[in-house]
Amino acid sequence: MIQAQRRHGKWLLTMLIATLVAGTSLSLQAQDNDRMLNNAPQPPDMRLGPLFHAVQAATLFPDQKTFADAVPKYDPASILADWQMQKNQRNFDLKHFVETNFTLPAAAEKYTPPAGQNLRQHIDGLWPVLTRTSEKAGPYDSLLTLPKPYVVPGGRFREVYYWDTYFTMLGLAESGHWDRVQDMVDNFAYELDKYGHIPNGNRSYYLSRSQPPFFSLMIDLLAQHGGDQVYSKYLPQLQREYNYWMADADGLKAGEAGKRVVKLSDGTLLNRYWDARDVPRTESWMKDVALANASPERNKAELYRDLRAGAASGWDFSSRWLDNPKELATIHTTNILPVDLNSLLFHLEQTLARASKAANKPDDSQRFAALAEKRQKAINRVLWDEKQGYYVDYDWKKRALRPQLTAATLFPLYLRAAGDKQAQRTADAVKKQLVKEGGLATTTVNNGQQWDAPNGWAPLQWVAVEGLNNYQQQPLAKDIGLHFLKNVQTTYDRQQKLVEKYVVEGKGLGGGGGGEYPLQDGFGWTNGVTLKLLDMYCPKEVTCNSYGDVTQNMKK
């Protein structure tokens with residue numbers, strides 16, 4: 001009987017999928033074209049269709065990511081068919097059905113560090129704890145295979161994430177784990193070759209978007225150990241990364257946008273964040289559905305796309321993307337040209353020029369150098385607020401600057417795209433408005449979103465420190481670095497852990513809040529940035545392994 005049901009289920013699933021796909025504005029064929037792939041694995045919400053929606057709507061699990069990461073034990077078509085036949089029966093138990101037909105992700109074992117470890121020793125001991133492999137995955141698993149081991153952030157984040165990984169790599173390099181740095185670069189090169197881009201994370205439901213493009217900085221880092229040959233070796237993958245971000249650029253008319261590229265009225269090309277799908281996020285399905293249902297004034301597909309693009313930015317979510325900083329439903333990420341994204345692409349163009357030269361391709365090198373110079377001029381023309389004196393985002397549809405000061409203002413300094421005068425004025429604004437007792441605040445807006453005040457994030461501390469040091473602002477850089485270190489150290493002394501984000505202002509310094517999920521422990525990029533800051537301001541020959549030591553070093 002069950003076998004017959006499963007055979008029937010395959011036919012039924014075909015009909016259901018056809019109905020579902022007809023109801024969305026993005027076809028499977030368009031997704032495959034966007035990913036340069038004809039056999040990309042479907043995300044769970046497409047594999048399971050109405051069953052996926054039913055499970056998420058029933059809130060069987062506190063975290064919607066749980067079912068997104070669950071692995072079907074059988075052919076999803078058969079499971080879906082069984083559910084269709086059983087769901088209206090008396091005493092049907094959806095939770096029991098899920099537990100019978102899916103392997104749910106296991107909760108991570110709580111890591112208890114050896115007693116007496118200082119902060120540096122604790123981080124060094126965490127690297128193997130956070131290391132995972134996925135050389136093989138089941139045919140229905142949302143986890144994407146990668147050829148080599150990788151380090152995950154920790155907590156609910158059981159997969160590798162794109163921009164997180166760069167800051168994790170910084171720490172791995174400080175710990176001497178160049179083999180793991182190499183592994184993770186190779187994993188991303190593999191994804192570029194296979195998918196045409198680096199997904200948000202190695203899950204099928206992340207394939208429709210990427211994240212801040214740090215691959216070129218990863219190549220810079222690896223080249224510190226492997227020499228200039230690293231640039232020529234990874235030139236094909238650097239080119240694929242660039243092709244992904246610049247797709248559709250050649251066919252745009254002035255004032256038009258295509259995927260991740262916008263051509264302004266004067267012909268200037270700049271980039272935005274984008275997701276190839278316009279449905280609720282698989283990992284936050286009901287949150288997105290509830291927001292859309294409560295916001296009848298917004299076109300649902302447009303809202304979903306903007307939420308997904310916000311996730312692609314890494315700043316999910318922030319008042320940066322909101323027309324009303326208190327209302328998430330006013331998110332318009334795809335209307336915004338972000339200063340950090342375009343600074344990163346300036347670096348990618350520079351790196352392509354360098355890699356082309358190393359590969360003995362002088363014409364390509366000159367072409368990319370010219371593109372980098374053109375983008376640098378655009379950053380300093382379009383994304384500079386002369387009146388306020390700092391870098392901002394730009395709303396290309398309204399043809400207006402978005403005047404909010406955020407920590408992203410430091411990316412042109414970090415990637416050396418800023419002029420000296422702009423750097424000085426930006427540093428002054430940051431010092432007056434964003435530097436707090438616990439480090440650099442993300443924005444000046446406190447609205448409950450995790451990428452806003454009062455939170456500070458490790459990667460943004462490092463961007464600030466490096467960016468300010470690039471423009472002879474060492475005292476301010478040190479102030480930010482040591483205040484954040486003190487925050488991390490104090491939290492570690494109290495709780496024996498590092499966390500995803502920190503409160504940096506007010507009386508409640510320590511683990512941060514806000515956002516869509518509880519504070520996560522681990523934590524990959526905090527570990528990496530903390531090691532870099534320790535070695536910069538508290539080198540091994542200087543004892544700086546406790547709250548008191550960090551405080552004392554701040555007075556020097």
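Two strands count as paired here if DSSP finds at least two bridges between them, and that rule underlies the sheet views of this predicted model.

**View 1. Three strands side by side in an open sheet.** Welcome to the sheet, where the strand order reads β8-β11-β12 and the pairing is antiparallel. Strands β8 (336–337) and β12 (400–402) take the edges, each with a single partner strand, so one side of each is left without a neighbour in the sheet.

**View 2. The pairing of β11 with β12.** Moving in on this pair, we find strand β11 (residues 393–395) joined to β12 by three bridges, and the two run antiparallel. Look for Tyr394, which stands opposite Leu401 in β12.

**View 3. The largest cavity and its surroundings.** A search of the whole structure turns up one cavity of 30 Å³ or more. The largest cavity holds about 90 Å³ of space. Domain 1 (44–103) and domain 2 (119–554) both contribute residues to its lining, so the cavity lies between them.

**View 4. Residues lining the largest cavity.** Here are the walls: 14 residues line the largest cavity, and Pro44, Arg47, Ala70, Pro72 and Tyr140 lie nearest its centre. By chemical class, the lining divides into nine nonpolar, three polar and two charged residues.

**View 5. Helices that contribute to the lining.** Both α3 (44–48) and α5 (65–68) supply at least two residues each to the lining of the largest cavity. Which helix gives the largest share of that lining? It is α3, with three residues.

Definitions and conventions
Residues numbered from 1 in each chain as written. Predicted model: local features only at pLDDT ≥ 70, side-chain atom pairs only at ≥ 80, totals over all residues. Heavy atoms only, no water. 1 Å grid on protein atoms, 1.4 Å probe; cavity = no way out; pocket = protein on both sides within 12 Å on 5 of 7 lines; lining within 4 Å. Points joined across faces, edges and corners; volume = space filled by probe spheres on them. Helix = DSSP H or I, 4+ residues; strand = E, 2+ residues; numbered from the N terminus. Nonpolar A, V, L, I, M, F, W, Y, C, P; charged D, E, K, R; others polar. Domains from an automatic or database assignment.
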